[in-house]
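Open the structure in your viewer and keep the selection panel at hand. The stops below go from nonpolar packing to charged pairs.

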Amino acid sequence: MAKAPLQTAEVVSADTPGMALRRQLRFWLIAALLLAFFLYLFSEILLPFVAGMALAYFLDPVADRLQKLGLSRIMATILILIGFILVLVIGLVILIPLLASQLSDFIAKMPDYLSRLQGLITSFDPQWIERRFGVNAEDLREGLNSLLASGVGFVTAIFSSIWSSGVALFSIASLFIVTPVVAFYMLLDWDRMVARVDSWVPRDHVHTVRQIATDINIATAGFVRGQGTLCLVLGIIYAAGLTLTGLNFGILIGLFAGLISFIPYVGSLVGLVLALGVAFVQFWPDWLMVLAVAVVFFVGQFIEGNILQPRLVGKSVGLHPVWLMFALFAFGALFGFVGLLIAVPAAAAIAVLVRFAISRYLDSPLYVGHSQDAAIKARKPAAGKADKAD
């Protein structure tokens, strides 16, 4: 009779880890759903706050280095934000009017460029095209019309979606006022906020959570800081190279290609197609100038792969390009422009969590099997006794 309570206690004790795991999964699932609902509900007003947090995260290592040099945290924060705002304002004063002029000119000339490019493609001997490729010239012309119309419609839809979901809902003044204020307070209190969140972690799991947080930070920092700097440098290289070739809209195409280079090969490929399209219309039949435009992107790819990528990003990111593109499309569709800003860190965090879950699964009886798991546990005490005997 006295053994029954012990057996009940053993059953309760055996069920405790499973029950704890279910409670944790339920808690984190509810937290994730609440976060997604919050982002969806307030996505139209989150842009300056998310931008301020991203700016603070980007500049936090600079503040830490200034602190090591002897500055206080508040002085380091003030100095960093003043310098950043000055650089941003100077850049906007110089670049924004130029980019706005090139963009409006590019949009106005796009129909003419497309028709001239189509004429160049279909101006070859129709009989030669039909003999060489087995395609009727008229069918090719109609196909090109449909393809170009679809491409223009897709690009227009993207820009209109971004505008309607983000920029149109805020005035430029509010964005440039709220974002620095949010960045200032986030950068000032960053270390204290991290310490406070760390103090909330259950002590039984604090080492595991810290390791996961460290992995997420490494992946996010490697992408946001490293890849962000890489995109900026690539945009400058492309813009300078295309401008030197004399290509129309060279700065616009170069910066655009550089800024979307966070998706491997997509930025350079899109920029190459746009630049070659404009080059064919502008320089034809001068093949050397068209080749010079292509060389700009080949040189940019060489610099990216052999110099910038190893130094700025390295192998710390671990984000597959397909997963990254899916995250951008998914978060952009769900949360608009704000979703595009949080897609990369969210993708990095999810990737780290999935890798952690897989590693736990590979060490669990569910994968190993109960018989093998029992054999491993049985071998461990035996090995310990053998060591003591030696």
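Which residues does L242 touch, not counting residues up to four places away in sequence? Select L242 and show its surroundings in this predicted model. With those sequence neighbours left out, L242 touches L247, G250, I253, G254, A275, V293, V296 and F297.

Next, widen the selection to the packing around that residue. L242 and L247 are the residues with the most contacts inside the largest nonpolar core, a set of 24 residues. Colour the helices that give two or more residues to this core: α3 (73–121), α8 (206–244), α9 (250–259), α10 (266–283) and α11 (287–313). Another core lies apart from this one and has 17 residues. To find this second core, select L39, F223, A327 and A346, which are among its members.

Now turn to the charged side chains. Side chains of opposite charge can pair when their charged atoms come close. The model has five salt bridges; three are visited here in turn.

Select D60 and R73. This pair forms a salt bridge, with 2.7 Å between the closest N and O atoms. D60 belongs to helix α2 (residues 47–68) and R73 to helix α3, so the bridge ties together parts that are 13 residues apart in sequence. Are these two residues buried or exposed? Both D60 and R73 are buried. Add D64 and D191 to the selection to see the network of salt bridges that links D60, D64, R73 and D191.

Go on to R192 and D189. Their closest N and O atoms are 2.4 Å apart, and the two residues form a salt bridge. Show the accessible surface for each partner. R192 is exposed, at a relative accessible area of 58%, whereas D189 is partly exposed, at 24%.

The last stop is D198 with R210. What is the distance between the closest N and O atoms of the salt bridge that D198 forms with R210? The distance is 2.8 Å. Helix α7 (residues 190–200) holds D198 and helix α8 holds R210, so this pair ties together parts that are twelve residues apart in sequence. D198 is partly exposed, with a relative accessible area of 22%. R210 is also counted as partly exposed, with 37% relative accessibility.

To finish, follow helix α8 back to the start of the tour: α8 holds R210 of the last salt bridge, and α8 is also among the elements that give two or more residues to the largest nonpolar core.

Note on methods
Residues numbered from 1 in each chain as written. Predicted model: local features only at pLDDT ≥ 70, side-chain atom pairs only at ≥ 80, totals over all residues. Heavy atoms only, no water. Core = buried A, V, L, I, M, F, W, Y, C linked by side-chain atoms within 4.5 Å. Buried < 20%, exposed > 50% of the residue type's maximum accessible area, 1.4 Å probe, protein only. Helix = DSSP H or I, 4+ residues; strand = E, 2+ residues; numbered from the N terminus. Contact = heavy atoms within 4.5 Å. Salt bridge = Lys/Arg side-chain N within 4 Å of Asp/Glu carboxyl O.
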